[in-house]
Amino acid sequence: MSADRTSVNSPEIRRLARVLEPGHSYASVTDKISSIVLTRPVSIGWLAGFAIAFSLLMLLTGCIAWLITKGVGIWGINIPVGWGFAIVNFVWWIGIGHAGTLISAILFLLNQKWRTSINRFAEAMTLFAVACAGIFPLIHTGRPWMAYYMFPYPSTMGIWPQFRSPLIWDVFAVSTYGTVSALFWFVGLIPDLATLRDRATNKAAQIIYGMLAMGWRGSARHWHRYQSAYLLLAGLATPLVLSVHTVVSFDFSIAIVPGWHTTIFPPYFVAGAIYSGFAMVLTIAIPLRKAYDLEDFITMRHLENMAKVMLATGLIVAYGYFFEFFMSLYSGNKFDVFLVQQRLHGPYSGYYFALILCNILTPQLLWIQKVRTNVAALFVMSLVINLGMWLERFVIVVISLTRDFVPSAWGRYQATFWDYGTFVGTIGLFVTLLFLFVRALPAISIAEMRELVAHTSEEHK
Amino acid sequence: MNVPHTNVCYGLLGEFDTPKDLMAAARKVREAGYSHIDAYAPFPVEGLSDALGLGRKHDLVPLLTLIGGLGGGLTGFFFQLWVSASSYPMNIGGRPLNSWPAFIPVTFELTVLGASTFAVFGMLALNKLPQPHHPLFNVQRFKRASNDKFFLCIEAHDPKFHLEETARFLQSANAQHVTEVRDED
């Protein structure tokens, strides 16, 4: 009634901002989401996008092949910078994955209804990001075919991994994270796979989706156990996601290198991970809703909420930067003080200031509601934050390693074509997997959308 | 072994339009004394398991998850202890061989891994999935159980089951459509 007279921006209207546009029924959400997979013809846009992504993936395979042929010497790594791009990219990718788990697990436990239409592809994004992340430590070993040495298996040599090393913790954290994310994603998919099985018209699709759905028939007994398993998984994934980036930060903070050896690393790494992850979810969601007309399901409310999460985690990250800076100066430790000076005035100060610009200054625009509700602005912002988070890891890895205790150990780091090629190549892998995902599996959880329809129709009565 | 039955009746399937109708029918069917029943819905309907009389005690998933978590964590911790203190002892910075705080991250990860795999595979096993064939899949209309319709099945091995009477009863419980489910081998 009063909606016409109230400003669109009034808090009352905004509180009611929809997570699902009205007029949808169980059948219409099923039709709309499953048709993307089952009936929609392959578009020129999809083919063009896939072709670009796939050629970048080929660049990745080329770079890895050359790396295996020649060894890690083709990269810019040296002594003292043994880590270089490989670790920068590893931390960047694994951080991106964290938003998927946050959306699917933490927002589920907090009963946030707006998670429903974004959780599926955010979880897919997690899996693909973990896959990209996993490549880097693997190829950085130099002899990736020996990587199984990191797993505790009863070897004839009678040796075992060193469980006191954060790098071994990382192996366990990342492989557990990958496994649990895949399980969580697959459990969520089962009812939707049954929907696709029942709606597919060609034989091959019926057989493939039928096998994947495992005979799911929506029995009340099954749903009952399904829901408790899903809730338990959400409860388990929540501390897991916090632990993964904590362990990643241990890779740095357990070492005594200036700029790494700080207790603020675990929380600030986790916040940074969620920050970059939400940026990546926006980077994917904005073109996805446009290309597949999903504006009814991924509404402005979703985009705005994600922008708010970015703003909040961005502020935590800013707090982290500030205290890193403050503690170094306050400690009076000359190596820490020197490192701060090097960040501000050293050879890589440009990266540091770009990082501050991308991660702290630009996101402050998100305080303005007009920016949060402007799709184009959000898209650009998400790219800027992704870049900023990459720079953050570059600053952490490279500045500290090039400036440690004795000047004789100082050095410089210059990435080569193969470093950039491998990095861009993993973006190709990521995007290729996303393109295949939206065509092969429902990008939005159909069963959960039906639940949302049921809840919203009850509210209207 | 029994002679395999071909083309036996599995039960009667009533179709409903809304979760509310399904819940009302489930309650009615239970009150009438039927015990071998199950409901099918395209999404989890709140309160449906209570309406069907399935208590919390049927749900072993939390217990399995606990077992998986404890098993994973304990195995993880004592394995690391055995490796680091007994099988392959190494002096790292003069710390004791049982440097247990260093074993916590891996212990934690293995706890979560054990609990999660038990939760998922336990849920599937208790649901007897994968199950490629089920008599309900013979019913063409049942395809909508994964879309927008709600079903209630009274199974033929229910002591009160009678083909005509039960069908009439389902109709009286507001079923839009009642189908006989046959298990054709």
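The questions and answers below go through a predicted model of chains A and B.

Visitor: What is the secondary structure of chain A, in helices and strands?
Guide: In this predicted model, the C-alpha trace of chain A spans about 75 × 65 × 45 Å along its principal axes. Of its 461 residues, 48% count as buried. The secondary structure of chain A comes to 16 helices and zero strands.

Visitor: What radius of gyration does chain A have, against that of a compact globule with 461 residues?
Guide: A compact globule with 461 residues would have a radius of gyration near 23 Å. The value for chain A agrees with that: 23 Å.

Visitor: What radius of gyration does chain B have, against that of a compact globule of 185 residues?
Guide: The C-alpha trace of chain B spans about 80 × 40 × 30 Å along its principal axes, and buried residues make up 42% of the chain. For a compact globule of 185 residues the radius of gyration would be near 16 Å. Chain B, but not in line with that figure, has 25 Å.

Visitor: In what pattern do the helices and strands of chain B follow one another along the sequence?
Guide: Chain B has five helices and four strands. Among its contacts between residues at least 6 apart in sequence, 82% join residues at least 24 apart. Read along the sequence, the pattern is β-α-β-α-α-α-β-α-β.

Visitor: Which strands of chain B stand at the edges of the sheet?
Guide: The four strands form an open sheet with antiparallel pairing, in the order 2-3-1-4. Each edge strand has a single partner strand, so one side of it is left without a neighbour in the sheet. On average, neighbouring strands of this sheet are turned by 25° against each other, direction ignored. The edges are strand 2 (37-40) and strand 4 (177-183) of chain B.

Visitor: Which residue stands opposite B:D38?
Guide: Strand 2 of chain B pairs with strand 3 (residues 150-155) of chain B in the antiparallel sense, over four bridges. Opposite B:D38, in strand 3 of chain B, stands B:C153.

Visitor: Which helix of chain B packs on the sheet?
Guide: The helix touches strand 1 (8-16), strand 3 and strand 4 of chain B. Its direction makes about 10° with that of strand 1 of chain B. This is helix 5 (residues 163-172) of chain B.

Visitor: Is B:R30 buried, partly exposed or exposed?
Guide: B:R30 lies in helix 1 (residues 19-31) of chain B. Leaving aside neighbours within four places in sequence, B:R30 is in contact with B:L52 and B:G53; its C-alpha atom is separated by 7.9 Å from that of B:A51, 21 residues apart along the chain. Burial takes 20 or more other C-beta atoms within 10 Å, and exposure 12 or fewer. With 14 C-beta neighbours inside 10 Å, B:R30 counts as partly exposed.

Visitor: Which element of chain A gives the most residues to the side that touches chain B?
Guide: The contact takes 47 residues from chain A and 51 residues from chain B. On the chain A side, the elements giving two or more residues are helix 2 (26-38), helix 6 (166-199), helix 8 and helix 16 (446-460). With 16 residues, the most is given by helix 8 of chain A.

Visitor: How many nonpolar, polar and charged residues does that side of chain A have?
Guide: The side in question is the part of chain A that touches chain B, with 47 residues. By class, these are 27 nonpolar, 13 polar and seven charged.

Visitor: How many residues of helix 8 of chain A are buried?
Guide: Helix 8 (residues 220-253) of chain A reaches 49 Å from its first C-alpha to its last, close to the 50 Å expected at 1.5 Å a residue. Helix 8 is mostly covered, and of its 34 residues the buried ones number 25.

Visitor: Against which helices do the buried residues of helix 3 of chain A pack?
Guide: The 27 residues of helix 3 (residues 44-70) of chain A should span 39 Å at 1.5 Å a residue, and its end C-alpha atoms are 39 Å apart, which agrees. Its buried residues include A:A53, A:L57, A:L60, A:C63 and A:L67. Residues three or four places apart in an α-helix point the same way, because there are 3.6 residues a turn. The partners of the buried residues are helix 5 (119-140) and helix 15 (417-440) of chain A.

Technical notes:
Residues numbered from 1 in each chain as written. Chains lettered and ligands numbered in written order. Predicted model: local features only at pLDDT ≥ 70, side-chain atom pairs only at ≥ 80, totals over all residues. Pairing = 2+ DSSP bridges. Axes fitted to C-alpha atoms, helices over the stretch in contact; angles between N-to-C directions. Contact = placed C-beta atoms within 7 Å. Expected span 1.5 Å × (residues − 1). Nonpolar A, V, L, I, M, F, W, Y, C, P; charged D, E, K, R; others polar. Rg over C-alpha atoms; globule rule 2.2 N^0.38 Å.
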